[in-house]
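Student: I would like to learn how to read a model of this kind, feature by feature. Could you give me the general idea each time, and then the case at hand?

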2 protein chains.
Amino acid sequence: MNESRLNLEDIAKKAGVSRSTVSRVINKEPYVSEKTRTRVMEIIEQESFRPNPAARMLVTQRTHIIGVVVPQISNVFFADNSYFPMLLQGTSSAINEHDHSMLLWLQQDGETRQEFSHRIARNRLMDGVVLCSIVESDPIVEAVLDIGLPFVTVERPLGFPGRPLDQFNYVTVDNIHAASMAVEHLIRLGRKHIAHISGHLAIADGQDRLLGYRQALTRAGMLIDENLIFPGFFTRESGYRGMKALLKHKPDAVFAGGDTTAQGAIQAIHEAGLRIPEDIAIVGFDDLDIATQTAPKLTTIRQPVQQKGMTAVSLLIDRIEERAHGPQRVLLPTELVIRQSCGAIPS
Amino acid sequence: MNESRLNLEDIAKKAGVSRSTVSRVINKEPYVSEKTRTRVMEIIEQESFRPNPAARMLVTQRTHIIGVVVPQISNVFFADNSYFPMLLQGTSSAINEHDHSMLLWLQQDGETRQEFSHRIARNRLMDGVVLCSIVESDPIVEAVLDIGLPFVTVERPLGFPGRPLDQFNYVTVDNIHAASMAVEHLIRLGRKHIAHISGHLAIADGQDRLLGYRQALTRAGMLIDENLIFPGFFTRESGYRGMKALLKHKPDAVFAGGDTTAQGAIQAIHEAGLRIPEDIAIVGFDDLDIATQTAPKLTTIRQPVQQKGMTAVSLLIDRIEERAHGPQRVLLPTELVIRQSCGAIPS
DNA sequence: TTGTACGCGTTATCAC
DNA sequence: GTGATAACGCGTACAA
């Protein structure tokens, strides 16, 4: 909102019609003659008039603003990988497509999740929010539920005691199945001691990938050695530390919960003087940019991160505009991308 | 804006006062007795009432929304490095501190800069914008100038024909001096054939770093070999290609326009079977996370990216609230961070 | 098909 | 100190 600008009344005067007619034209309502419509349009164009959004919000009770909430789980946003920038590209694209605007919420250093959720809930500017990296009993989810703000999570929601889980809308990938695919690839290649550096286990993605790892081993009749499971945080650093710890137990393969984690693990493997894939094979998850920049290039599970963002926004706007009612869940496809880190020949 | 909520009138009724008094309390205005103030405050707290921002905007002509505009120069945002996430952390933090909200604008794939600038200018939700990666005669800058939207650039602005440059507010670092520091470091270590892979030369940061490179060589009495200058784009890929091209001319050192660029260059150097720093020394710029993840670790120029974002927001809000009038320029400090990529012993 | 009149929830300007 | 009341700019029944 800057300086003094024209309003509906001014345009109406210039066009020789009433304010309501101009309003009808702008909102593409019926019952306006072609003649007046074009005349009004011309003036609007010529003055490059845009209705005052605040006035509009006030009367329609809609802001056309979508919030995107990014909690700071272990600094993943601002330094560790490109997952969130890609997700934002996705949400931004869809939000733009729907003629909305994107309000971005980043958790601050030293701000608790509780405080963060308060900050979001106090703001009344949004028609709905996209939530990611949610954890069990997440205060952010509780807060938006409390104030009745429509939301979609980019993640399977975890337990929320006392909350009807069937009202949650979300978009994600089948992490369990995808993780199984990764581990089965390693099994197929003859690996016997397959380790796992998990993602953040407070997050569904992390939990489900661990579960998929377990299932794949079990299905193959292999024993699960708890020593070969290291709980990480989706970060490079936890991948590095995890691998260092795992090396004591002589794994011949690792499934990392994310590409960034894999990157850290690769560094640890190299520092130990071991070769990839000869001594240790490794599979990642996400297929971020870095997957093609490691040496050797990383075999990984590709998930459509941008599309997750886009879909989340679509679901959200459908809900806001009440085009959709029941719970909406979308599972996007994943794909095993074979590169050089497992010794399989890329077909 | 969700469902039916309470308004000033409701609170007033519960407190047994008038709407105006409640308004005064909320806006911390004087001329309210302590007694009524606390009573009203209690009710506000208890009902967790928040004034309707739309109504507020309508009358105050202020939205308390700051836009942050990120053009997509060679995909830098969503895949190539952590510069923008860090910048966003900075803006977000300051915006939050000032009780504003952050509207994020990302240029879309396939969207021209012209279209992007239109999309931004059409939106009337912002009190001001932070602009980055601006180029010469940038349509985005032209657009915000045209509509009179307050803005601050995170970059020294380039020529804008017919525009009074002295009205531009910006925050940046002294790129020329910083680049000189980097090159002088290489000279001090005895390097004779120092190459430069530049950043994007349409952007001031890119231009100024190149200039600093030239100045340092000249001051040292060294000849400038144009063959040793490769025009890049701040991306890893341009660093990789640039280094491949430069290797033909046998440089013994490289100053890269950014850490990501340096990362690409390092890869090319290694692939050529050369050693760092023995055969080629390399200095980067930014001191991003990746600077400590290359092998060897990267000597680089540190610039305070988050602080750039924070400062930009402060300047902007000062301008919006008319606390500041003249042009405001802030130069943040840089620092040479010596690691292992030049052969100097970190002191 | 068009115009009138009211309401959305605040802040600001007056009186008192 | 406090309370009416007029804006702010738009959408929308309702009347014409």
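Tutor: Let us begin with the vocabulary of secondary structure: helices (H or I, at least four residues) and strands (E, at least two) are DSSP runs, numbered from the N terminus. This is a predicted model, in which local features need pLDDT of at least 70 and side-chain atom pairs count only at pLDDT 80 or more, while totals for chains, interfaces and linings use all residues. Residues are numbered from 1 along each chain as its sequence is written, chains are lettered from A and ligands numbered from 1 in the order in which they are written, and side-chain values use heavy atoms, with hydrogens and water left out.

Student: How many helices and strands does chain A have, and what box do its C-alpha atoms fill?

Tutor: Chain A has 13 helices and 12 strands, and its C-alpha atoms fill a box of roughly 85 × 45 × 35 Å along the principal axes. Buried means under 20% relative accessible area, exposed over 50%, and partly exposed in between, with a 1.4 Å probe and protein chains only; of the 347 residues in chain A, 58% are buried.

Student: How is chain A related to chain B?

Tutor: Copies are superposed by least squares on the C-alpha atoms of residues with pLDDT of at least 70 in both. Here a rotation of 180 degrees, with 0.0 Å of shift along its axis, superposes chain A on chain B with an RMSD of 0.0 Å, and the two copies are therefore related as by a two-fold rotation axis. The same surface serves both copies, since 100% of the contact residues of chain A recur in chain B, where contact means heavy atoms within 4.5 Å.

Student: Which residues of helix H4 of chain B are buried, and what do they pack against?

Tutor: As a general guide, an α-helix has 3.6 residues a turn, so residues three or four places apart point the same way. In helix H4 (residues 53-60) of chain B, the residues B:Pro53, B:Ala54 and B:Met57 are buried. Seen down the axis of H4(B), the buried residues fall within an arc of 100 degrees, so they line one face of the helix; the arc is that of the directions from the helix axis to the C-beta atoms. These buried residues pack against helix H4 (53-60) of chain A together with strand E1 (65-70) of chain B.

Student: Where should I look for unusual backbone geometry?

Tutor: Most residues other than glycine have a negative phi, and most peptide bonds are trans. B:Phe234, although not a glycine, has a positive phi of about 70 degrees; B:Phe234 sits in the loop between strand E7 (229-232) and helix H11 (236-247) of chain B and is buried, with a relative accessible area of 16%. A:Asp286, also not a glycine, has a positive phi of about 120 degrees; A:Asp286 lies in strand E9 of chain A and, at 7% relative accessibility, counts as buried.

Student: Which residues are joined by cis peptide bonds?

Tutor: One cis peptide bond joins A:Ile276 and A:Pro277, with omega about 5 degrees, and A:Pro277 lies in the loop between helix H12 (259-271) and strand E9 (281-286) of chain A. Another joins A:Ala295 and A:Pro296, with omega about 0 degrees, and A:Pro296 is found in the loop between E9 and strand E10 (299-302) of chain A.
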